[in-house]
Amino acid sequence: MKEKTFARRARADWKRNRALYLLVVPVIIFYIVFHYKPMYGAIIAFKDYTPALGVGGSPWVGLDNFTRFFTGPYFGRLLKNTVLLSVYELAFGFPAPIILALLLNELRNRKFKSLAQTVSYLPHFISMIVVTGMITNFAMTSGLFNDLIVFFGGERSPLLQNPKLYRTIYVASSVWQEAGWGSIIYLSALAGVDSQLYEAASIDGAGKWKQLIHVTMPAIAPTIIVMLILRMGTLMSLGYEKTILLYNPSTYETADIISSYIYRVGLLDQDWSYSTAIGLFNSVINCTLLLITNKLSKKFSDTSLW
């Protein structure tokens, strides 16, 4: 009886929402083809994979590839650089869109607000190759950055050759490129805040700062928490593209990260099993961080992903 009732309800729901189900089909297909199906290939992390033998025919080696990475000479450096860059990007890159959205929300001149939004969004659409090319040119001895340093009394130097400056350049450029685009979701959240709350706070004598603390921030807190949880799930997933376009042997000390190392050993050295094992380790860390952050958020607030 319950099965018949469920089938009847399912048919009725299909008739009512047929268009929505059809819209979601391409998304499901995309995730199956490009996300779930490739998971099968992750088993080569436990094998000595060779294309001639294929995934099924390659011999099992157990945890040898993981042991090789953990005991290798680059493990400490790679983990340290990846964690530090990720933490710096989280510390500076996560609050930046929130602050920008709060500032844009306070603008009352619509034309100037639209201009400011457009200018802040544009860097997101610039190709990574173009961005890194700009950084490389500006960081040259005769580049713009050195012109500014000399203007304030400093000396010229090849900035991208200095390991101590690499993380600053990397994080600052990432914040510049993504802060505007990331502010969109917070602007949407701010647009949903009831204006009567501000009016009531103003009547009670609250100035702009107190309205921000007691009205605005609590209203957008759920959005901030959800975005933080999602960000923690990708904390270790720094893309290799920007790194391999900016780093050089003189900055490996601070610039070489897990994803760039995977690129070198996987695509250049064609050590597919080893690179897959490293990538799987990275994914497990991300998944663990996501679960822990979501659990803590659920414990200390009413907001979580599930």
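**Close-up views of a predicted model**

**View 1. The buried face of helix α5.** In α5, the buried residues are L78, N81, T82, L85, S86, E89 and G93. Looking down the axis of α5, we find these buried residues within an arc of 120 degrees, so they line one face of the helix. A bit of background helps here: an α-helix has 3.6 residues a turn, so residues three or four places apart point the same way. Everything in these legends refers to a predicted model, so please read each value as computed from that model. The helix itself runs over residues 75–93, and its 19 residues reach 26 Å from the first C-alpha to the last, close to the 27 Å expected at 1.5 Å a residue. Which elements cover the buried residues of α5? Among them are α4, α6 (95–105), α10 (163–191), α12 (208–232), α14 (252–255) and α15 (258–268).

**View 2. Two spans from the UniProt record.** The unreviewed UniProt entry lists "transmembrane region" for residues 20–36, 83–104, 125–145, 165–191, 212–230 and 272–292. Two of these spans are picked out here. Residues 83–104 are 95% helix and 0% strand, with their end C-alpha atoms 31 Å apart. For residues 212–230 the figures are 100% helix and 0% strand, and the end C-alpha atoms lie 24 Å apart.

**View 3. F46 and F66, a tilted aromatic pair.** The model holds 21 aromatic pairs, counting rings whose centres lie within 6.5 Å. One of them joins F46 and F66, with 5.3 Å from centre to centre and 40 degrees between the planes, and it is classed as tilted. F46 sits in the loop between α2 (18–36) and α3 (54–57), while F66 belongs to helix α4 (residues 64–70), so the pair ties together parts that are 20 residues apart in sequence. Are these two rings buried or exposed? F66 is buried, at 11% relative accessible area, whereas F46 is partly exposed, at 26%.

**View 4. Tyrosines and their charged neighbours.** Y247 and Y252 have ring centres 4.9 Å apart and planes at 50 degrees, so this pair is tilted. Y247 is buried at 12% relative accessibility, and Y252 is partly exposed at 23%. Y252 also has a charged partner: R264 lies over its face, 5.2 Å from the ring centre. What sits over the ring of Y170? That place is taken by the charged end of K242, 4.5 Å from the ring centre.

**View 5. An aromatic cluster.** Seven names are worth labelling in this view. F69, F70, Y74, F75, Y261, Y274 and F281 belong to one aromatic cluster.

**View 6. T293 in helix α16.** T293 is part of helix α16, which covers residues 272–300. Its relative accessible area is 14%, so T293 is buried. Leaving aside residues up to four places away in sequence, T293 touches I229 and M232.

**View 7. I203, an exposed residue in helix α11.** I203 is found in helix α11 (residues 195–203). With a relative accessible area of 71%, I203 is exposed. How far apart are the C-alpha atoms of I203 and M140? They are separated by 55 Å, and the two residues are 63 residues apart along the chain.

Note on methods
Residues numbered from 1 in each chain as written. Predicted model: local features only at pLDDT ≥ 70, side-chain atom pairs only at ≥ 80, totals over all residues. Heavy atoms only, no water. Phe/Tyr/Trp six-rings, centres within 6.5 Å; stacked < 30°, edge-to-face > 60°. Helix = DSSP H or I, 4+ residues; strand = E, 2+ residues; numbered from the N terminus. Buried < 20%, exposed > 50% of the residue type's maximum accessible area, 1.4 Å probe, protein only. Lys NZ or Arg CZ within 6 Å of the ring centre and 35° of its normal. UniProt positions renumbered as here; feature names shortened; annotations may be inferred. Expected span 1.5 Å × (residues − 1). Arc of directions from axis to C-beta. Contact = heavy atoms within 4.5 Å.
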